[in-house]
Structures are given as structure tokens and as C-alpha cells.
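Trainee: I should like to work through the strand pairing and the charged contacts of this model. May we take them in turn?

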Amino acid sequence: KAYCADRVASFDTVAGAPGWNGWGNDIENHRFQPATAAGLTAADVPRLKLKWAFAVPGVIRVYGQPTIVGGTAFFGTASDKVFALDARTGCIKWQFEADAGVRTAISIGKVGGKWMAFFGDLRGNVYGIDAAAGQPIWKQRVEDHPLAYITAAPTLYDGRLYVGVASREETATGPGYDCCTFRGSVVALDAQIGKLIWKTYTIADAPKPTVDDAPGSGHKLWGPSGGSVWGAPTVDPKAHAVYV
């Protein structure tokens, strides 16, 4: 059977358990797993064998890497779904339907006494959901540009969620499109309720029409623009800084 008998993800074993949370595995984005935390050494690698496989129904692409926290594997898909699987058996704990495909890794954290899962979708929405049961808590659209999307895993620190915003404008241009009007940004959200705390653009000035795209086309080239933020923000608590 695809679904687990126990449909609730447990986080009782989070402390000291092997795992990988979000994109960089910590707020500094070290992307490094100490041998003691990984639970295996280089000598173990030749003996590794496939334990289980999970075929996502109707999906040809899974974007982000799995997040492993508390014995549960979390990942998003191009079919708008986020899955939580039992990491030992591969059975489904829960699945969540987003408004669009989820390309980010899933970031897990405890906020206000509740374990939550955070991620973005391909329409510029950021979500905070119940990580144990997969129920929605909040959704926040962080950019109104029609081509905005979230590719960067959110970074959680001290009750705030830091999210980079990118766009498809780099690949969506063509005849009849007034390019380019998107500005990348970083937003800080209240992780418990999703409220916007601040938003900083990577391009300071709003884009304005500059010159004709082509003589007689009726379309303008716009600028300044660009500066998409594709990667997970890095937090330095000592410096009170966020890097992207």
C-alpha cells in the first residue's frame, strides 16, 4: 500500500538523528554532512544497496533534493505536490497540493511550538504548512510580476523566513514581449503567520521604458532589471546579515 498506517510525521527523534534539512543543511549553507551526523563512512559506500523506490504518479521531473528530518523525507514535484514519505519504508505520510510546481527543497523548523514545512512554488507563492500532517497554515505571494517564481529553499532563523525571488523572464522573452521588467528580491516573512516583514530588491530602481524594441514594433525595452535570486539565503547571526 502507498500510504503508511500512521499518517502523521514524527519529529521525536530530530535531536542528533541523521538528516538533511533544506538546501544547505544549516543557516550557513555549508552543504556538508559531518560523518557523525551522516551515520556512515566512506568504507560503507561500496556496500550500499537500494532499499526502496518511490514513483511519483504522473510526474517526469522532481526538482529539489529531498529533505530528511525526524525519519521523514520531504520533497516537491513539478505536478504541484509536496510529499512526506517514511524515510525507512517509502510509504506516504501525507501529500500537499500547492498552486504550482515546487522546485525548492523543503525547509523544516519548529515555530511557535509547531513543526512546520516551508517552500515556494513556480508562481511566486511561499507556503508554511504543518510538517506533521501536511495541512496548510499560511500562503503568501511575495511578488506580483507574472513571471516570478521561487527556486531557492527558504532559510528559517529566529522566527523569520528568508526567501529569494527569481523569474522566468530570462527565458520567456520573444516577439511582442516588453522585456525586461522583473527585479529580483529577498523577502523576510514571519514564519508563524506568513506576514511580510520586509522586502529588498537587488535592483534599486524600478524599470522604465527605454528604447524601441525594434522600429515599428510598438514595444519598448525596459530597464534596469534582472538580479534574480536563485539560491537559498545564508544567515550570519553574529554579523546580523543575510547573504544571497
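Trainee: How many bridges join strand β6 to strand β7?

Mentor: In this predicted model, β6 covers residues 114-120 and β7 covers residues 125-130. The two strands run antiparallel. One partnership links Met116 with Asp130 in β7. The number of bridges joining β6 to β7 is 5.

Trainee: Which strands are the edge strands of the open sheet?

Mentor: The sheet has 4 strands with antiparallel pairing, in the order β5-β6-β7-β8. From one strand to the next, the twist averages 25°. An edge strand here pairs on one side only, which applies to β5 (107-111) and β8 (136-141).

Trainee: Is Glu143, the salt-bridge partner of Lys199, buried or exposed?

Mentor: The closest N and O atoms of Glu143 and Lys199 are 2.8 Å apart. Glu143 lies in the loop between β8 and β9 (148-149) and Lys199 in strand β13 (residues 196-201), so the salt bridge ties together parts that are 56 residues apart in sequence. Lys199 is partly exposed at 27% relative accessibility. Glu143 has a relative accessible area of 10%, and because the cut-off for burial is under 20%, Glu143 is buried.

Trainee: What is the relative accessible area of Arg47, which forms a salt bridge with Asp44?

Mentor: The closest N and O atoms of Asp44 and Arg47 are 2.8 Å apart. Asp44 is partly exposed at 23%. Exposed means over 50%, and Arg47 is exposed, with a relative accessible area of 58%.

Technical notes
Residues are numbered from 1 along each chain as its sequence is written. This is a predicted model: local features need pLDDT of at least 70, side-chain atom pairs count only at pLDDT 80 or more; totals for chains, interfaces and linings use all residues. Side-chain values use heavy atoms; hydrogens and water are left out. Two strands pair if DSSP finds at least two bridges between them. Axes are lines fitted to C-alpha atoms, for helices over the stretch in contact, and angles run from 0 to 180 degrees between N-to-C directions. A salt bridge is a side-chain nitrogen of Lys or Arg within 4 Å of a carboxyl oxygen of Asp or Glu. Buried means under 20% relative accessible area, exposed over 50%, partly exposed in between (1.4 Å probe, protein chains only).
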